[in-house]
Amino acid sequence: MVPLDSSVSEVFGSMLLERYEPGLTLLEATQRNDDIGGSVVFKLVKQSSAALLNAYSRPGFPYTAWEIKSLVLEALISEAAAAFQAEQFKQANEACQ
């Protein structure tokens with residue numbers, strides 16, 4: 001499991017550090033509302049953070065922690081890829097509630 005005070009950039013890597021707040025924790029990312037009408041990167045950060053926490057805490061979640069981290073890095077290649085992956089994570093997150 002990842003500590004809740006881990007920053008998004010520590011967990012997902014420096015590529016997100018360049019695009020997002022360096023000290024933002026995973027838990028804080030899941031609670032933010034700047035993904036509504038904001039950048040697709042904000043949406044990806046919020047949904048991938050929630051997905052990672054779900055992967056660690058909910059048996060049967062459709063993604064493993066490693067898959068989530070890999071998919072986030074792959075999604076940063078374009079806005080379209082980030083938007084698509086954010087939506088995929090959102091659907092998985094909402095399905096497990």
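Two rings of Phe, Tyr or Trp count as a pair here if their centres lie within 6.5 Å. Keep that cut-off in mind, since the tour ends up at a cluster of rings. One caution before you start clicking: this is a predicted model.

**Stop 1: the whole chain**

Show everything as cartoon and colour by secondary structure. You'll see 6 helices and 0 strands, so to speak an α-α-α-α-α-α run from the N terminus on. Switch to a surface next: the protein chain exposes about 5300 Å², with carbon and sulfur atoms supplying 54% of that. Of the 97 residues, 41% are buried. As for how the chain meets itself, take the contacts between residues at least 6 apart in sequence: 46% of them join residues at least 24 apart.

**Stop 2: Gln47**

Now select Gln47, and show its side chain as sticks. You're in helix α4, residues 40-57. Is Gln47 buried or exposed? Buried, at a relative accessible area of 12%; the cut-off for that label is under 20%. Leaving aside residues up to four places away in sequence, what does Gln47 touch? Add Ala86, Phe89, Lys90 and Asn93 to the selection, and you have its contacts. Hold on to Phe89, as it comes back below.

**Stop 3: Phe61 and Tyr63**

Time for the rings. The count comes to 2 aromatic pairs. Select Phe61 and Tyr63 for one of them: the ring centres sit 6.2 Å apart, and with 50° between the planes the pair is tilted. Phe61 is buried, with a relative accessible area of 11%. Tyr63 counts as buried too, at 16% relative accessibility.

**Stop 4: Tyr63 and Phe89**

Keep Tyr63 and bring Phe89 back in. The two ring centres are 5.1 Å apart and the planes meet at 75°, so this pair is edge-to-face; the label asks for over 60 degrees. Both Tyr63 and Phe89 are buried.

Where in the chain do Tyr63 and Phe89 lie? Tyr63 is in the loop between α4 and α5 (65-75), while Phe89 belongs to helix α6 (residues 79-95), so the pair ties together parts that are 26 residues apart in sequence.

**Last stop: the cluster**

Select Phe61, Tyr63 and Phe89 together: ring pairs link these residues into a cluster. Tyr63 takes part in the tilted pair with Phe61 and in the edge-to-face pair with Phe89. Finally, put Gln47 back on screen, since Phe89 is among the residues that Gln47 touches.

Notes: Residues numbered from 1 in each chain as written. Predicted model: local features only at pLDDT ≥ 70, side-chain atom pairs only at ≥ 80, totals over all residues. Heavy atoms only, no water. Helix = DSSP H or I, 4+ residues; strand = E, 2+ residues; numbered from the N terminus. Buried < 20%, exposed > 50% of the residue type's maximum accessible area, 1.4 Å probe, protein only. Contact = heavy atoms within 4.5 Å. Areas by Shrake-Rupley, 256 points an atom, 1.4 Å probe, with all protein chains shown as cover. Phe/Tyr/Trp six-rings, centres within 6.5 Å; stacked < 30°, edge-to-face > 60°.
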